[in-house]
Amino acid sequence: MMYKSYPMFPHFKLFLLCLFFCASFLSFSLYLLHHGSIYFIRYDVHQYFKNVDRKNDVKESLDHNLPLIRWDGFSSYGKSEARVHEELYRTPQYPFLRHQSLQPVRKLPDALVIGVKKGGTRALLEFIRLHPDVRAAGSEIHFFDRHYPKGYHWYRKHMPPTLEGQITIEKTPSYFVIREVPQRVYEMNPAMKILVVVRDPVTRAISDYTQVVSKNTTIPKFEDLAFKNGSQFGLVDTTWIPIRIGVYVRHLERWLHYFPLKQIHFVSGERLIVDPAAEIANVQDFLGLKRVITEKHFYFNTTKGFHCLKKSEGHSSPHCLGKTKGRNHPPIDSAAIERLREFYRPFNVRFYQVTGINFGWP
Ligand SMILES: Nc1ncnc2c1ncn2[C@@H]1O[C@H](COP(=O)(O)OS(=O)(=O)O)[C@@H](OP(=O)(O)O)[C@H]1O
């Protein structure tokens, strides 16, 4: 009788079971659609970079031209929520959000600090790398002068890992003066942003000499090296490298053969010492970065006699550049200094004309 009044009962039970599974599957799918797409996108990005890496291994391809992967992981959020998240994601103060979204990747540099030696290149690099959108190779890589035959793959391996939107910077001060370097940089990336810190060439030469003498106390006096034998500060020895480096316009002309002036930013080494925030503001503009590094990041250390950093990557406490930066220079005969100023003056004037900047060197 029971079976007669509910003839469909056994199938009905099955029907209910199916309904339960369908409902569960549907809600799980909806959940995935809402939250899970982020993981699929992240996986795609990861795969993309893996493929890029593999391609580079084989072809040494120019990965500076790789398109940036745009984040659209919030597309499944409601519109306003997506905007809020996207804003947070793009704000430099939230690197951890970025960190969650992309695999870091080593890229060839977007910008180079090419010189000049003893101009203040370390200070520039340490200051600009405070910016959350900048990653820098810590040491001088010397790719374009010493290690060029090792190829782009080798170079890229020496770059720090970056996240989307971050730029990579490398500094090797000898690049400015080595003949082959401009062409090599151009061939790798004609859009390379180039930074040069320049300093009064006489002070620069003395600084260079100070470094040499600190390693080898037996070398002759500065005056004996800077002038031809017995010329009594008459004939400047232009074969001596510390003198040659200071003829900036000659080196610059070689770079201008490959790069337009607007792609080269000049930093005044003197201003970098007295007002680092102002110089770094211009550098941030040149690199297309938000002005994040300001005077708040620096303090003047009276013992060192230079500006130091309140904190930086790898340092949570205030610190200055190392003791090889900001050394005392040996006393140099004033007549020798005057003669060197005379020697450099026409080259400096030409340099001001070419760059359109008067650096005000005496
Ligand atoms: N904040 C701060 N602290 C210390 N030193 C500073 C700073 N800003 C600029 N400078 C000047 O940087 C000079 C060294 O230049 P470089 O870093 O280009 O030298 S190197 O080519 O990398 O060896 C170094 O030259 P010397 O004074 O001759 O040692 C400094 O004058």
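Which helix lies across strands S6 and S7? That would be helix H13 (residues 276-286), which runs at about 175° to S7. Angles here go from 0 to 180 degrees between N-to-C directions, and axes are lines fitted to C-alpha atoms, for helices over the stretch in contact. Helices (H or I, at least four residues) and strands (E, at least two) are DSSP runs, numbered from the N terminus.

Some ground rules before we go on. This is a predicted model, where local features need pLDDT of at least 70, side-chain atom pairs count only at pLDDT 80 or more, and totals for chains, interfaces and linings use all residues. Residues are numbered from 1 along each chain as its sequence is written.

## The sheet

Let's look at the sheet that S6 and S7 belong to. It is an open sheet of 5 strands in the order S3-S5-S2-S6-S7, with parallel pairing. Two strands pair if DSSP finds at least two bridges between them. At the edges sit strand S3 (134-136) and strand S7 (264-268), each pairing on one side only. On average, neighbouring strands of this sheet are turned by 25° against each other, direction ignored.

Now take strand S2 (111-115). S2 is mostly covered, with 5 of its 5 residues buried. "Buried" has a cut-off: 20 or more other C-beta atoms must lie within 10 Å of the residue's own, while 12 or fewer makes it exposed and anything in between partly exposed, with C-beta atoms placed from the backbone. S2 runs parallel to strand S6 (residues 193-198), joined by 4 bridges, and Ala111 has Lys193 in S6 as its bridge partner. S2 also pairs in the parallel sense with strand S5 (residues 167-171), over 3 bridges. There, Leu112 stands opposite Glu170 in S5.

## Around the ligand

What surrounds the ligand? There are 18 residues around it, and Thr121, Arg122, Ala123, Ser207 and Phe306 come nearest. A residue is near a molecule or strand if its C-beta atom, placed from the backbone, lies within 6 Å of it. The shell residues divide into 6 nonpolar, 7 polar and 5 charged. For that count, Ala, Val, Leu, Ile, Met, Phe, Trp, Tyr, Cys and Pro are nonpolar, Asp, Glu, Lys and Arg are charged, and the others, Gly among them, are polar.

At least two shell residues each come from helix H5 (121-128), helix H8 (201-215), helix H12 (269-274) and strand S9 (306-309). H5 gives the most, with 3 residues. H5 is also mostly covered: 7 of its 8 residues are buried, namely Thr121, Ala123, Leu124, Leu125, Glu126, Phe127 and Ile128.

## Annotated residues

UniProt's unreviewed entry puts an "active site" annotation on Lys118. The same entry type carries a "binding site" feature, whose positions include Lys118, Gly120 and Gly326. UniProt positions are given in the numbering used here, feature names are shortened, and annotations may be inferred rather than shown by experiment.

Lys118 sits in the loop between S2 and H5, and so does Gly120. Gly326, on the other hand, is in the loop between S9 and H14. How covered are they, and what do they touch? Two residues are in contact if their C-beta atoms, placed from the backbone, lie within 7 Å; the table leaves aside neighbours within four places in sequence.

| Residue | C-beta neighbours within 10 Å | Class | Contacts |
|---|---|---|---|
| Lys118 | 25 | buried | Arg199, Arg204, Ser207, Asp208, Gln211 |
| Gly120 | 29 | buried | Val197, Arg199, Gly269, Leu272, Ile273 |
| Gly326 | 17 | partly exposed | Lys304, Gly305, Phe306, Leu321 |

## Two helices that meet

Two packed helices are described by the angle between their axes and the distance between the axes. For helix H11 (residues 248-256) and helix H14 (residues 334-355), the axes come within 8 Å and cross at roughly 35°. On the H11 side, Tyr248, Val249 and Leu252 meet Phe347, Arg350, Phe351 and Val354 in H14. The residues of this contact divide into 6 nonpolar, no polar and 1 charged.

## One more loop

Finally, find Glu295, in the loop between H13 and strand S8 (298-301). Glu295 counts as partly exposed because 13 other C-beta atoms lie within 10 Å. Glu295 and Trp255 are 40 residues apart in sequence and 32 Å apart in space, C-alpha to C-alpha.
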